[in-house]
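Welcome, and thanks for opening the viewer. Let's take a short walk through the model, one selection at a time.

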Amino acid sequence: GAAVVSCRRGGNTASFDVLNKYFTISGMPVASSTYWNQVHGFTPEDVVMTKQTHTDIVRKVTREDWGAGLLAPELPECDALITNDPGTALVVFTADCTPILLHDPVTGAVGAVHAGWRGTAAKIGAVTVEKMVSEFGCRREDIIAAIGPAICKDCYEVDTPVYDAFIKMYNTLYNVRGCHIAENAYKADKDGYTWTLDDDCE
């Protein structure tokens, strides 16, 4: 198995020199089977794509779902996919949001998660792990997680509803080192409309 993180560059025509990985834009083909195979190591026929709506919905898929969202009708809405079917390529799309890839080397099960702020507040990462446990008999301690590129805090401000959602969901906040952050560790702009993490908080 393999995990792939791609970027927007590498389009196949001048008008699409920033490549959208969807197979069509307004009905125009923008990525060939050769591109997917050479660049990503799989073909569009192997792919199962999410229909992302910033939920905590996780769907189990198999080879019967191959092509979904690309060469076949898309799945019902979901922001994470799991499978234990070898050869199934799970695809999520992110920009600011965070991709999370999960792998259980014991059972061979894998997961791909699109974690925006709404999904993160709804603990979609944990929900996906629990789905792998219930569907495939994984043990939580065996699952390896890889967190892909996402927007950094220096480039990301949120408004009060986002701040409130995390306070409500988690009751307390933690920084990346696991240290406690009190509610006042976030600083608001002068109008109180956006929040950023205070670098000085402990």
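Start by selecting Thr55 and Ile57: a polar atom of the Thr55 side chain lies 3.1 Å from the backbone nitrogen of Ile57. Before going on, please note that this is a predicted model, in which local features need pLDDT of at least 70, side-chain atom pairs count only at pLDDT 80 or more, and totals for chains, interfaces and linings use all residues. Residues are numbered from 1 along each chain as its sequence is written, and side-chain values use heavy atoms, with hydrogens and water left out.

Now add Asp79 to the selection. Its side chain and that of Thr55 are joined by a polar contact of 2.8 Å (a pair of N or O atoms within 3.5 Å; within protein, one must be able to donate a hydrogen and the other to accept it, and residues adjacent in sequence count only if both atoms are side-chain atoms).

Zoom out a little to see where Thr55 sits: in the loop between strand S3 (47-49) and strand S4 (58-60). Strands here are DSSP runs of E, at least two residues long, numbered from the N terminus.

Is Thr55 buried or exposed? Thr55 counts as buried, because its relative accessibility is 17% (buried means under 20% relative accessible area, exposed over 50%, partly exposed in between, with a 1.4 Å probe and protein chains only). Leaving aside residues up to four places away in sequence, show what Thr55 touches: Glu77, Cys78, Asp79, Gly119 and Ile124. Contact means heavy atoms within 4.5 Å.

For the last stop, select Cys152 and Cys155. The sulfur of Cys155 is 3.5 Å from the closest cysteine sulfur, in Cys152, too far for a bond; a disulfide is a pair of cysteine sulfur atoms within 2.5 Å. Cys155 is exposed at 58% relative accessible area, while Cys152 is partly exposed at 38%.

Terms used:
Helix = DSSP H or I, 4+ residues; strand = E, 2+ residues; numbered from the N terminus.
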